[in-house]
Structure formats: structure tokens, C-alpha cells
Amino acid sequence: MSKRQNPSSSAACQVEENAKVAAVSGKSNIDQPEKPAGSRGMDVDGDADMGEFEDAFEDEIEEDEILVEREEDSDGVEMLGEGEGDDDDEEEEDEEVAEKKRQVYLPGDILGEGEVLQVDNSAYHMLHTMTAQWPCLSFDFVPDNLGNSRSMFPHTMYAVAGTQADRAYKNQVILMKWSQLHRTINDDKSDEDKDDDDINDLDEDPILETKTMRHQGGVNRVRVLQSYQSPLAATWADTGKVHIWDTKKLMNAFETPGTQVPASAQQPLFTIASHGHTEGYSMDWNPDGRLLTGDCGSNIYLTTRRNDTGSNFVADRTPFKGHKASVEDIQWSPEEASVFASCSVDQTIKIWDVRAANHSFALEVPGAHDSDINVISWNRKSRYLLASGGDNGDFKVWDMRKWGDSNGRSTPAAEFKWHRKAITSIEWCPNDESVLAVAGADDQITLWDLAVELDAEEEARHREAMVGPDGIKRDVPAQLLFIHQGQQNIKEVHWHPQIHGALASTAASGFNIFKTISV
């Protein structure tokens, strides 16, 4: 699977819409006014080109703000002109016609002449977009001290991303603070349709603040150690090096205005050179500070943090060998501290134990997919479940308690072929063991609830509801909760670990930060 962005065509790309939600939003042939895109961003480093949030509705003239003067008789009674009393009836009729023309859109449906996709804000509790100067292949959330399982708006998030610039020396590691992330679910409502709770939703733009560090070479992947006290960030460079950064001092500068960032914080704490000049993409932190990195040459290396100093690392020079092609993703077990899983272009999933003297794998699923296996995700709640995504667009869920029959073959517990192109990212929801987010090269992010099971009657109703504009029934899995669209060349999607149901995604066109009504 090709992972590279094309910086020359993707840099500073603007998204015309906030996003498109296919599963809930309709397609309409009603003429819509063009909405100028405005933005407000703040970059603490003074780099105005770093990125900005978009507001597709800023400065738009609202129709209900136009005042119309009408004649009044001597008694102060409003005088209606000829035919003016029929306006309400005509408006109601227009609304009915418009509602009939709205149809549920699914990827693959053909848009008719004059039809456009429109975002349905009622499908999102929150939806914000952000452009970047250069596209980012990868990002990760940084833990904060604002509380776990928080739900009150507006939200604040911290994230680290790495760029794919058109010149190696232009690349950066970016620590971002996204604040003032207000609810947007009521953006489509008129003032008279809002209830008392809705009135509290402020129509304010989000704020972007950034801190940057120079990075030699493009950043293939970013992963952050999920520890507030020690939020180390690791970056896989296309030079074959893996750099480890201490983001804590940069976080302190955000949390305490006026804090000076020392020059040492702009440099990596440690650089892993075990891979030579072979670049890679797979990488994962163990909560204890150990880091696994896998390269395109099929090798996996372990780097260990020394507890006696807290800042020094020891890179193992002996690789874990067993894959026959590029190692695409790695995941530590959430239950066994010494166990990890990997997937590869060789179409296998392997399970390893770092204590093995020969650095060989313990278990494997050969032919797990009929194509390259790009990504895996280990369920943090049901720790025997592992999800995998293939280059042909399918994704599977494996029950590791049932790996291997008498003939050594393994059968997935679930398998879905919805996406039309390669799966680029997959991640279990940290709060719900049955919910999964999947991103594909077909510009879709899909949310799934694998716990959904329909009886015969419910299945019949579900199929009847999924009828396209051409009258043909569409095969839509009952487990499919939501389809998010609007980005181009989506690379990664992640659940926020401290805000239930909140996600962010990165693509050639920038970032989306959103929370749907489905999760």
C-alpha cells in the first residue's frame, strides 16, 4: 500500500465543506448559497502558516436577521399585502417538498445533475476542521490533566503530528492544542427552533495553538506514551531513524502561559539507529516505556527505557525475525506486558514474547488476509479480540482464544468488506468493547458496533429501509453505525482517550475533530 502523501498537491489544501456524513445526511438538489470559509487560529510560535480552523458559516447573512417594514393602519394593525397571508402555507409546502427530495446517501450512489452532498450537523455533537501547511501521515493524542471521561463542552485536546513537506529540512514535529471546541449539533437550527439548552451553545471559533520542533526527513508515524507525567513522543522518519521527544516541557508552556521552553526540548532525547537506513511505519509504546519499532525490511527492534535515569534508552541490536516482508503495524498486548502482535505485507499476523531467547514468534495466522495487512488494533476491554485491516478494503476481528483448528487454520470471528479501497487505520473504542473505528483510502471513516445482532423481523425491516434512489436495495451491514466523509486521502483515525466518543482524523486535506450522535 502506498503511504506517501504528495506534498506539492496537498499542502495547505482547503476543505470546501466541514465534512459529509453519508449514513445520516441527505443529498439535495435545492440551490444552496455559497458559504465563505473563514477561520481563526492562534500560533504561539508566530508561524501563521502552521494551520487554522475553518468556519464555513462565518460572516454569512442570516435570512431571519433581515427586517421587513410593513404598513400599519391607524389602529396599529398590520396591513397584509395581496397574497401575503399565504406565505406561511407556501413555506410549509416548500419544506415538505424539500424533505421529500432529501435522501440518505451512501458511498457509491450516483449524484444526479444539480445534486450536492451536504453535511448534516444534527448527526454530530461536534464537528470541526483544521487545515495544515503540510499534510500529516500520522498523529497521536497527548494525555492531559483535564480529567477522564469528560463530556462538558467546550472541549480541549492536545495532539502531536509529523509533517510530510516537499523538502526534508522543512519537516516538523508539531504539538497542537485545540481549544474552544464547542458543540455544533445545533448549527442548522434557527433561533426559534432551539430550546433553552441549545441557547447555551456558543457560536465561537476553535483556537489552535502550536509548538514545533524541527525534524530531519518526513514523519511516517507518530506514537505518544500515554502518561501525563512522561508523555514521550516517538517519530518514525523516512531516513530510517526513530526519534524520541520529551513533550512535557512543551505541554507546560501551554498549561502555564509565559513558561519558557528550554532549547533542549527542541531536540530528541534519543535516536534509535537500529534499523540502519531502512525506513518503517510500525511502532507502539508499552505503558512501562518500552518501544517497539518495525521496518520495511521485516525486522522488529525493542528499545528499553532505563528506569534509573528516566531519560536514557537502550536500543536492542538483535531484531525479532519471522516476517518475510515489511512490518506494517505493531500492538502491545493490553494484558501481558511481554507480549505483542504484528502484521505484515506477507499477509500474516504474528504473536511474539520479548522474553523468547531466539527472538522468534510464538503464534501466527498465515494468510490472515488475501492482501497486505496494513493495520491491527488490540481491544483494551475484551483483551482476546484483535482487529486487522487489509489492503483490499476488508477488515476482520479475531478471537485469539480460538486461533488454530486441528489443521492449524484460523477463522475470524467477524469479517466485513465495506470499504472500496485499502484500510489505512483501525482502532477499538477505549470505552466500549464492541465499537470500532475504521478509516479507508476510499475517503470514508466508518464506525461499527459489533454487538448488534438482528432477529429475522428486525433484519427484514433493516433491509427494507436501505433502498437507494433507484429503488434497488443496498446491502448495508446492521453493525455499521456511521459514515463520516469530507476528507481526501485519510491516513489515521484515533479515539480521544479521555473524552468519550470523540475522534480525530488526519488526511491530505487536514484534520477533522468530531463526535457523532452514534457513540
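Colleague: Where is the place of S344?
Modeller: S344 sits in strand β20, residues 339-344. Keep in mind that this is a predicted model.

Colleague: Buried or exposed, that S344?
Modeller: S344 is buried, because its relative accessibility is 0% and the cut-off for buried is under 20%.

Colleague: What does S344 touch, leaving out residues up to four places away in sequence?
Modeller: S344 touches H323, A325, S326, V327 and E328. D372 and I373 are also among its contacts.

Colleague: Another serine. Where is S179 placed?
Modeller: S179 is in strand β9. At a relative accessible area of 9%, S179 is buried.

Colleague: And which residues does S179 touch, with the four-place neighbours left out?
Modeller: H155, T156, P206, I207 and E209.

Colleague: What about S151? Buried or exposed?
Modeller: Exposed. S151 has a relative accessible area of 54%. It lies in the loop between β7 and β8.

Colleague: How far apart are S151 and I499?
Modeller: In sequence, 348 residues. In space, 6.3 Å from C-alpha to C-alpha.

Colleague: Back to the β7-β8 loop. What kind of peptide bond joins F153 and P154?
Modeller: A cis one, with omega of about -5°. P154 is in the loop between β7 and β8. Most peptide bonds are trans.

Colleague: Now phi. Which sign does D443 have?
Modeller: Positive, about 65°, and D443 is not a glycine. D443 is in the loop between β28 (435-440) and β29 (445-449). With 24% relative accessibility, D443 is partly exposed.

Colleague: And what is the phi of N489?
Modeller: About 60°, so a positive value for a residue that is not a glycine, whereas most residues other than glycine have a negative phi. N489 lies in the loop between β30 (480-485) and β31. N489 is partly exposed, at 28% relative accessible area.

Colleague: Switching to charges. How many salt bridges are there?
Modeller: The count is 12 salt bridges. One of them pairs R221 with D329, with 3.5 Å between the closest N and O atoms.

Colleague: Why does the R221-D329 pair tie together parts that are 108 residues apart in sequence?
Modeller: Because R221 belongs to strand β11 (residues 219-224) and D329 to strand β19 (residues 327-332). Both R221 and D329 are buried.

Colleague: Which residues are linked with R221 in a network of salt bridges?
Modeller: R223, D329 and E492.

Colleague: What does D288 pair with?
Modeller: R290, in a salt bridge of 2.9 Å from N to O. D288 is partly exposed at 39% relative accessibility. R290 is buried at 15%.

Colleague: And which residue forms a salt bridge with E457?
Modeller: R461, with the closest N and O atoms 3.1 Å apart. E457 and R461 both lie in helix α5 (residues 456-465). They are 4 residues apart, about one turn of the helix. E457 is exposed, at 55% relative accessibility.

Colleague: Next topic, the second largest pocket. How much space lies in it?
Modeller: About 1000 Å³. Its lining has 41 residues. Q226, D284, Q331, R380 and E427 lie nearest the centre of this pocket.

Colleague: Which elements give two or more residues to that lining?
Modeller: Strands β7 (136-141), β11, β15 (280-285), β19, β23 (373-378), β27 (423-428) and β31 (490-495). β27 gives the most, with 5 residues.

Colleague: How does the lining of the second largest pocket split by class?
Modeller: 19 nonpolar, 11 polar and 11 charged.

Colleague: One helix, then. Which residues of α4 are buried?
Modeller: In helix α4 (residues 248-255), K248, L250, M251, A253 and F254 are buried. Their cover includes β8 (155-163), β9 (172-181), β10 (207-214) and β13 (242-246).

Colleague: Zoom out. How many helices and strands are in the protein?
Modeller: 5 helices and 33 strands. Of the 519 residues, 51% are buried.

Colleague: What share of the contacts between residues at least 6 apart in sequence joins residues at least 24 apart?
Modeller: 62%.

Colleague: And how much area does the protein expose?
Modeller: About 24500 Å², with carbon and sulfur atoms supplying 45% of it.

Key:
Residues are numbered from 1 along each chain as its sequence is written. This is a predicted model: local features need pLDDT of at least 70, side-chain atom pairs count only at pLDDT 80 or more; totals for chains, interfaces and linings use all residues. Side-chain values use heavy atoms; hydrogens and water are left out. A salt bridge is a side-chain nitrogen of Lys or Arg within 4 Å of a carboxyl oxygen of Asp or Glu. Buried means under 20% relative accessible area, exposed over 50%, partly exposed in between (1.4 Å probe, protein chains only). On a 1 Å grid over the protein atoms alone, a cavity is a set of points where a 1.4 Å probe fits but cannot get out, and a pocket is an open set with protein on both sides within 12 Å along at least five of seven lines; lining residues have an atom within 4 Å of a point. Grid points are joined across faces, edges and corners, and a volume is the space filled by probe spheres set on the points. Ala, Val, Leu, Ile, Met, Phe, Trp, Tyr, Cys and Pro count as nonpolar, Asp, Glu, Lys and Arg as charged, and the others, Gly among them, as polar. Contact means heavy atoms within 4.5 Å. Accessible areas come from the Shrake-Rupley method with a 1.4 Å probe; for residues, only the protein chains shown count as cover.
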